[in-house]
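Work through the exercises below with the sequence and the 3D view open. Try each task before reading its solution.

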Amino acid sequence: MLFEPELHEPLTEEAWDVDRARDALRVIVADADRAFDPVGLWPAAEWDSWQSTPPLKNVYVGAAGVFLALDQLRRRGLADTEIDLVAATRRAFDAWHQHPDFEQWTDLPSRPESALLTGRSGLLLAAWRVEPSPDLAEELLTRVRENVGNEAVEIMWGAPGTVLAARAMHEWTGDERWNDAWTESAESVLAMRDEDGMWTNRLYGETFRSLTPPHGLVGNVAAIAPALGERRQALERETNDLLAGFAVHEDGLANWPHREGAEPSRLQWCAGAPGIVVAAASYLDEELLLAGAELIWQAGPPGMEKGSGICHGTAGNGHALLKAFERTGDELWLDRARRFAAHALEQIERRGTGRYSLFTGDVGVALFVADCIAGRSAFPVIESL
């Protein structure tokens with residue numbers, strides 16, 4: 001079996017409707033506005049706040065990710081928050097000074113403050129995006145540079161994540177210091193690559209080699225490839241060959257294990273075919289990409305235990321269907337992605353609004369729905385900041 005069927009549920013019969021989708025975006029943003037507390041920021045779900053100190057401030061499941069999503073929806077003209085995001089980011093920094101989100105965690109890498117998704121770097125990036133300032137830029141540049149050589153070679157905690165931050169800052173500012181930092185970080189990640197093309201990650205007291213976007217191969221390649229110039233094609237070709245070797249096939253479908261030595265069992269962005277398809281869509285062999293995307297479609301959306309979000313829920317899987325559309329131009333895949341978007345919105349209705357995070361919550365779903373409206377996939381943070 002390529003996946004665990006009990007983790008999925010039948011797809012909604014409700015058809016995609018663009019007007020309903022636009023209304024749903026405004027509902028999600030209005031709910032975030034209502035739930036926001038100028039002191040306590042947003043309430044945290046139990047899963048999101050595990051071993052963390054609320055209010056949560058990070059990009060992954062905290063306020064910084066919500067700031068980025070609300071700012072992006074506003075810039076895209078889809079929904080405008082009433083929250084004073086400048087004041088909110090300043091409050092998030094005050095809360096971070098009192099209690100960093102990860103202060104109760106154990107076995108962290110040596111530079112946790114520099115992490116993009118879970119550390120201070122992500123909050124700095126979100127704050128700069130909301131209100132650019134030289135002080136924020138200088139501290140973020142310091143964090144990017146100190147993250148070079150981090151033993152966690154992954155987007156969540158390590159230099160691949162701050163590669164993405166440096167690249168975004170260069171695009172936004174044109175300052176060559178960011179280009180230098182981007183290149184330096186990308187080269188450091190490339191130098192840590194094992195001889196066979198994988199990366200060895202050291203995190204949470206474990207040593208492992210992962211294929212996934214947040215913790216391993218395809219995420220690292222997505223982060224550093226744009227900085228490599230003529231070497232990019234070779235890196236992507238070698239990565240494609242690795243992914244072909246790790247793929248497990250059954251009846252014309254394909255899935256991947258989340259780690260070397262494991263068996264495939266899950267279908268979500270952070271483990272299995274959805275993340276592989278999303279991160280490697282531009283270079284993965286098309287037949288293999290479609291075998292993964294078809295499995296995602298046939299399995300149906302993740303159930304309510306996993307939820308609607310982009311990390312391990314319906315919206316994350318839907319991004320893979322959008323990638324299949326981008327790669328092939330076949331509108332069947334766009335229709336399928338939009339059906340997943342309708343299902344994700346239905347899941348929010350069943351559960352009720354109230355999940356305030358980018359990767360596990362409603363604003364991440366909102367960004368996926370926005371991409372379905374536009375007919376393209378720009379996965380948050382990894383591809384779109």
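The exercises that follow concern a predicted model.

**Exercise 1. Place threonine 81 and describe its surroundings.**

Solution.
1. Start with the chain. Threonine 81 sits in the loop that runs between helix H2 (63-75) and helix H3 (85-98).
2. Decide whether the residue is buried or exposed. The cut-off for buried is under 20% relative accessible area. Threonine 81 has 8% relative accessibility, so it counts as buried.
3. Look for polar contacts of the side chain. The side chains of threonine 81 and aspartate 33 are joined by a polar contact of 2.5 Å. The threonine 81 side chain also reaches the backbone nitrogen of isoleucine 83, at 3.0 Å.
4. List the contacts with residues beyond four places in sequence. For threonine 81 these are Val29, Asp33 and Leu70.

**Exercise 2. Describe helix H14 (residues 362-374): its span, its burial and its packing partners.**

Solution.
1. Compare span and expectation. H14 has 13 residues and extends 19 Å from its first C-alpha to its last, close to the 18 Å expected at 1.5 Å a residue.
2. Count the buried residues. In H14, 12 of the 13 residues are buried, which leaves the helix mostly covered. Among them are Asp362, Phe368, Asp371 and Cys372.
3. Find what covers them. The buried residues of H14 pack against helix H1 (18-35), H2, helix H12 (314-328) and helix H13 (331-351).
4. Check what comes after the helix. Glycine 375 follows H14, and its phi is positive, near 75 degrees.

**Exercise 3. Why is there no bond between the sulfurs of cysteine 270 and cysteine 311?**

Solution.
1. Recall the bond in question. A disulfide is a covalent bond between the sulfur atoms of two cysteines.
2. Apply the cut-off. The two sulfur atoms must lie within 2.5 Å. The cysteine sulfur closest to that of cysteine 270 belongs to cysteine 311 and is 3.7 Å away, so the pair is too far apart for a bond.
3. Check from the other side. For cysteine 311, the closest cysteine sulfur is in cysteine 270, again at 3.7 Å.
4. Add the burial. Cysteine 270 is buried, with a relative accessible area of 17%, and cysteine 311 is buried at 3% relative accessibility.
5. Give the total. The count of disulfides comes to 0.

**Exercise 4. How many cavities of 30 Å³ or more does a search of the whole structure find, and which residues line the largest cavity?**

Solution.
1. The search finds 5 cavities of 30 Å³ or more.
2. The largest cavity holds about 70 Å³ of space.
3. Its lining includes Leu41, Trp42, Pro43, Asp48, Leu56 and Tyr356.

Terms used:
Residues are numbered from 1 along each chain as its sequence is written. This is a predicted model: local features need pLDDT of at least 70, side-chain atom pairs count only at pLDDT 80 or more; totals for chains, interfaces and linings use all residues. Side-chain values use heavy atoms; hydrogens and water are left out. Helices (H or I, at least four residues) and strands (E, at least two) are DSSP runs, numbered from the N terminus. Buried means under 20% relative accessible area, exposed over 50%, partly exposed in between (1.4 Å probe, protein chains only). A polar contact is a pair of N or O atoms within 3.5 Å; within protein, one must be able to donate a hydrogen and the other to accept it, and residues adjacent in sequence count only if both atoms are side-chain atoms. Contact means heavy atoms within 4.5 Å. The expected span of a helix is 1.5 Å times one less than its number of residues. On a 1 Å grid over the protein atoms alone, a cavity is a set of points where a 1.4 Å probe fits but cannot get out, and a pocket is an open set with protein on both sides within 12 Å along at least five of seven lines; lining residues have an atom within 4 Å of a point. Grid points are joined across faces, edges and corners, and a volume is the space filled by probe spheres set on the points.
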